[in-house]
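The following exercises concern one protein model. Each task is followed by a solution in steps.

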Amino acid sequence: MPGIDKLPIEETLEDSPQTRSLLGVFEEDAAAISSYSHQLHHAMQRIYDAQNELSAATHLTSKLLKEYDSRRFPLGSDDEVMSSTLLQFSKVIDELSSCHAVLSTQLADAMMFPITQFKERDLKEILTLKEVFQISSSDHDVAINRYSRLSKRRENEKVKSEVMEDVYTARKKQHQTMMHYFTALNALQYKKKIALLEPLLGYMQAQISFFKLGSENLTQQWEDFLTNIGTSVQNVRREMESEIEIMQQTIQDLEEASDPLYLPDPDLNKIPVNRNLTRKSGYLNTRNKTGLVSSTWERQYFFTQGGNLMSQARGDVAGGLVMDIDNCSVMATDCEDRRYCFQITSFDGKKTVILQAESKKDCEEWISTINNISKRIYLSENPEEIAARVNQSALDAITPSPSFQQRHESLRPTAQSHLKTTRKSSSGSLVTGPSTPDSAALSTLSLDSLVAPDTPIQFDIISPVSEEYAGQGKAQGQTGRRTNPFGESGVNKSEDSEGSILHQLYIVRFLGSMEVRSHDSVDVIYETMRQILAARAIHNIFRMTESHLLVTCDCLKLIDPQTQVTRLRFPLQNVVLCTTHQENKRLFGFVLLVAGSGNDGRPISVCYVFESNNEGEKMCDSVGLAKQIAFHSEMDRRELEKQKEKDKAKESEQEELSKQKQIEKVGNGGAVGLQHSYVCKSQIHKFEFVFYNQMLAFQRLTVTKCVCG
């Protein structure tokens with residue numbers, strides 16, 4: 001005979017909706033068996049009770065046997081051997097229906113007893129176990145709901161101990177009852193064959209005994225057929241007994257292994273957290289908002305399917321999509337009156353789900369699993385192995401390597417000393433400069449020369465809007481400059497990038513920033529990425545702030561996608577280095593030189609690290625293009641200034657020349673006047689001289705006359 005369908009006893013403790021759905025199929029099959037057995041028992045009872053109606057009752061029995069193939073049995077509808085066997089029995093019973101007269105004694109022992117025992121003992125046992133299971137399941141749900149409503153603020157150890165003890169007792173009772181119920185349903189698949197075949201076999205043996213093998217219808221062929229059927233029944237019985245022994249041993253082993261799992265909050269030292277999972281399922285409480293401040297919690301079965309988070313209510317055939325958890329962010333959250341809560345935010349930040357786990361272990365495993373799925377590790381061939389390697393790498397990243405060269409010698413290209421180099425990173429960013437002793441000795445630098453130990457890491461963006469509002473209460477005479485903790489330079493409101501040639505917008509998620517000691521090599525950015533990712537993995541910080549990165553010819557801007565408010569502004573001339581990670585192109589970072597931010601007034605270097613949707617190289621190319629455009633614009637501006645200076649110089653020369661010409665014109669007119677004045681004065685002097693000479697002559701004449709006279 002074909003294999004027997006069985007309920008998985010190993011999955012009774014998880015009590016998933018799939019198991020409940022399969023249990024419903026078995027219960028439906030048991031109901032069908034019960035209905036069919038009652039009809040068959042009624043037919044055989046008619047054979048036993050009414051000898052006058054024996055022929056009609058035998059005909060009804062034959063009819064029911066023929067209908068077995070057309071009846072709907074969810075677990076046995078494709079049993080062709082059973083169908084053909086019953087069909088053969090129906091034929092034999094039809095041939096013998098006119099020959100049965102007095103079979104009361106034989107039929108009572110060989111026919112009525114097995115079917116009556118199956119009906120009164122086996123089927124009633126199924127019904128009793130079903131009622132006990134339903135009661136234990138309801139008690140378990142009540143205990144779980146009471147445990148979930150434990151107050152976090154007013155925690156009472158006595159009440160908590162009582163509630164946990166109730167959960168332990170209810171869960172253990174449900175588990176044990178469910179395992180025995182599953183065993184009974186599995187055994188029913190064997191018993192239904194026996195209950196159907198054994199009465200028929202007894203009936204036929206009674207007929208053979210009654211007629212002393214003298215009936216013409218009973219030939220040697222039918223005896224061989226009945227012998228084979230009897231052998232099959234015995235084989236099914238032995239297989240059932242062996243399977244029951246195996247299931248009983250399985251129940252015993254599962255009870256011993258599952259005893260620590262009955263407690264809702266197991267000890268993490270005994271049952272450690274598995275952080276390498278890429279698939280997980282179990283019951284969680286989800287919060288549903290019913291108003292502005294009110295909310296309700298609903299317990300549902302959640303499971304991951306690829307990159308999706310699914311939920312399924314008890315009794316549902318299939319689950320429904322909750323949200324896409326690719327590139328999502330997950331973190332533990334603090335709810336008002338619930339423990340072990342965590343929050344999942346979609347990649348675009350538009351959807352948020354708050355869930356409550358049953359224990360701290362379950363909460364941390366859900367967070368780790370969703371974080372692994374968000375990194376798309378599940379798409380690889382060995383996801384759990386890769387997740388373990390990634391988590392182990394994150395833990396190993398806590399202890400720095402003894403030298404910078406040992407960790408990056410496979411990633412660093414061979415440098416040519418004493419030459420002016422122009423190196424282009426894998427992301428397209430340019431790093432130019434002459435080879436100096438400092439750059440030649442880069443391979444022997446320690447990590448402390450790049451990133452100072454115990455350097456604080458900023459994991460979130462502090463929007464400067466709140467600081468601007470906070471400064472509105474100052475007096476009008478106070479014009480102090482606001483200081484940004486990220487090293488953002490001051491931005492005048494009159495400055496605007498609307499006239500910029502380049503406008504490239506990218507979706508990024510901020511991972512963190514920290515101060516670095518050097519900005520001579522892209523290895524500084526690699527080391528910063530390693531330390532930030534390691535710190536996030538250690539402290540379970542998976543939440544990331546999503547922003548829009550706008551690349552223009554004069555600055556880089558982080559813009560809030562909801563309010564379109566500029567969170568941070570980085571002047572392009574201060575961005576001295578940018579690159580993507582060599583292995584993970586989603587990681588993008590740049591070094592910003594902040595002038596006058598150190599304790600001694602010297603400039604400091606701050607490295608910012610972001611995660612993008614596989615657009616890291618494009619962002620580096622955009623920054624490089626913006627640098628080139630800004631450089632050419634600056635050169636054009638300088639040429640324009642030089643041209644303006646030359647034009648001004650020419651204008652000045654022309655003005656000087658015009659002034660000189662005017663001066664010359666004015667000089668020539670003065671000379672003529674002076675000459676005319678000089679002529680006039682000369683004539684006057686000449687007239688005066690003549691007049692003076694005449695006076696002298698007159699005086700002389702007068703004197704002469706006087707003397708002569």
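The exercises below treat a sheet, the nonpolar cores and the aromatic rings in turn.

The model is predicted: local features need pLDDT of at least 70, side-chain atom pairs count only at pLDDT 80 or more, and totals for chains, interfaces and linings use all residues. Residues are numbered from 1 along each chain as its sequence is written, and side-chain values use heavy atoms, with hydrogens and water left out.

**Exercise 1. The open sheet**

Determine the strand order of the open sheet and state which strands stand at its edges.

Solution.

Step 1. Helices (H or I, at least four residues) and strands (E, at least two) are DSSP runs, numbered from the N terminus. Two strands pair if DSSP finds at least two bridges between them.

Step 2. Strand 1 (residues 281-289) and strand 2 (residues 295-305) run antiparallel and are joined by 9 bridges. N285 stands opposite R299 in strand 2, and a hairpin of 5 residues joins strand 1 to strand 2.

Step 3. Strand 2 is in turn joined to strand 3 (residues 308-312) by 5 bridges, again antiparallel. The bridge partner of F302 is S311 in strand 3. The hairpin between strand 2 and strand 3 has 2 residues between them, and G306 in the turn has a positive phi of about 65°.

Step 4. Strand 3 and strand 4 run antiparallel with 4 bridges; L309 stands opposite M323 in strand 4.

Step 5. The open sheet has 7 strands in the order 4-3-2-1-7-6-5, with antiparallel pairing. Strand 4 (320-324) and strand 5 (329-333) each have a single partner strand, so one side of each is left without a neighbour in the sheet. From one strand to the next, the twist averages 40°.

**Exercise 2. The nonpolar cores**

Identify the residues with the most contacts inside the largest nonpolar core, and the helix that gives the most to this core.

Solution.

Step 1. A nonpolar core is a set of buried Ala, Val, Leu, Ile, Met, Phe, Trp, Tyr and Cys residues joined through side-chain atoms within 4.5 Å. Buried means under 20% relative accessible area, exposed over 50%, partly exposed in between (1.4 Å probe, protein chains only).

Step 2. The largest such core has 33 residues, and Y36 and F89 have the most contacts inside it. Six helices, among them helix 1 (17-49) and helix 4 (104-148), each supply at least two residues of this core. Helix 5 gives the most, with 7 residues.

Step 3. Beyond residues up to four places away in sequence, Y36 touches L64, L65, Y68, R71, F73 and L196, where contact means heavy atoms within 4.5 Å.

Step 4. A second, separate core has 28 residues, including F510, L549, F570 and V623.

**Exercise 3. The aromatic rings**

Classify the ring pair F590 and Y608, and find the ring over which R299 lies.

Solution.

Step 1. Rings of Phe, Tyr and Trp (its six-membered ring) pair if their centres lie within 6.5 Å; planes under 30 degrees apart count as stacked, over 60 as edge-to-face and the rest as tilted. The structure holds 12 aromatic pairs.

Step 2. The ring centres of F590 and Y608 are 5.5 Å apart and the planes stand at 25°, so this pair is stacked. F590 lies in strand 15 (residues 587-594) and Y608 in strand 16 (residues 604-612), 18 residues apart. F590 is buried at 0% relative accessible area, and Y608 is buried at 0%.

Step 3. Ring pairs link F510, F570, F588, F590, Y608 and F610 into a cluster.

Step 4. R299 lies over the face of Y283, at 4.3 Å from the ring centre. The criterion is that NZ of Lys or CZ of Arg is within 6 Å of the ring centre and within 35 degrees of the ring normal.

Key:
Axes are lines fitted to C-alpha atoms, for helices over the stretch in contact, and angles run from 0 to 180 degrees between N-to-C directions.
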